Amino acid sequence: MPGPNANDKPPAAGENSNLVRDHLANERTLLAWVRPGVALVAFGFAIGRFALATRQFMQIQGRAASTAGLSVWFGTVAILAGVVLTLTGLLRYRRTRTQLEAGKFEPAGFAVDLVGILVAFFGLALAIYLVYIEMRL
């Protein structure tokens, strides 16, 4: 990073506080991406682990050991979605930080739309799966 030269002017007090405020808002936005990512990872692990535990309990009771079905797959997909969501948030954070430093901020576009669509699709898939399981029992 180059040092200051004679032509550089220090930022005005208002500019500096705005830059700080923008960076802090960017960090809060990163946390807003990370929280649901962590929740999806934990949720996916719980789904997958519950399916495996149910299968083990059935084996202990002497019942035919059925497969875990789609639950393990849904759990795995939820974990991967949480990881992707967290990484998307990190990439967005780093891009925004670079833009703020350069003074050329551009609002998010496709990444936010994609995440919204994927989360909605995943929610619908889980709802359909729950209805399928309920009708099967």
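The legends below accompany several close-up views of a predicted model of one protein chain.

**View 1. The whole chain is built from three helices and zero strands.**
Followed along the sequence, the chain of this predicted model shows the pattern α-α-α. Of its 137 residues, 21% are buried, and the surface that the chain exposes comes to about 10300 Å², with carbon and sulfur atoms supplying 69% of that area. Among the contacts in the chain with a separation of 6 or more, 72% are made by residues 24 or more positions apart.

**View 2. The largest nonpolar core of the chain is made up of 10 residues.**
The members of this core are Trp33, Leu40, Ile47, Phe74, Ala78, Leu85, Val115, Phe122, Leu126 and Tyr129. At least two of the core residues come from each of helix 1 (13-60), helix 2 (70-102) and helix 3 (110-136), and helix 3 provides the largest share, namely four residues. In soluble globular proteins, nonpolar side chains tend to be buried together.

**View 3. Tryptophan 33 is shown with the residues that it touches.**
When residues up to four places away in sequence are not counted, tryptophan 33 touches Leu85, Thr88, Gly89, Ala111, Val112 and Val115. Tryptophan 33 also belongs to the largest nonpolar core, as do Leu85 and Val115.

**View 4. Tyrosine 129 is a buried residue in helix 3.**
Tyrosine 129 has a relative accessible area of 12%, and it counts as buried because this value lies under 20%. Once the neighbours within four places in sequence are left aside, tyrosine 129 is in contact with Leu70, Ser71 and Phe74. Although leucine 70 and tyrosine 129 stand 59 residues apart along the chain, their C-alpha atoms are separated by 8.2 Å. Phe74, like tyrosine 129, is a member of the largest nonpolar core.

**View 5. The second largest pocket has a volume of about 300 Å³.**
This pocket is lined by 15 residues, and those closest to its centre are Ala81, Val84, Val115, Leu118 and Val119. Helix 2 and helix 3 each contribute at least two residues to the lining of the second largest pocket, while helix 3 gives the most, with eight residues. Sorted by class, the lining holds 14 nonpolar residues and one polar residue, with no charged residues. Val115, which appears in this lining, is also part of the largest nonpolar core and is one of the residues touched by tryptophan 33.

Conventions:
Residues numbered from 1 in each chain as written. Predicted model: local features only at pLDDT ≥ 70, side-chain atom pairs only at ≥ 80, totals over all residues. Heavy atoms only, no water. Core = buried A, V, L, I, M, F, W, Y, C linked by side-chain atoms within 4.5 Å. Buried < 20%, exposed > 50% of the residue type's maximum accessible area, 1.4 Å probe, protein only. Contact = heavy atoms within 4.5 Å. 1 Å grid on protein atoms, 1.4 Å probe; cavity = no way out; pocket = protein on both sides within 12 Å on 5 of 7 lines; lining within 4 Å. Points joined across faces, edges and corners; volume = space filled by probe spheres on them. Nonpolar A, V, L, I, M, F, W, Y, C, P; charged D, E, K, R; others polar. Areas by Shrake-Rupley, 256 points an atom, 1.4 Å probe, with all protein chains shown as cover.
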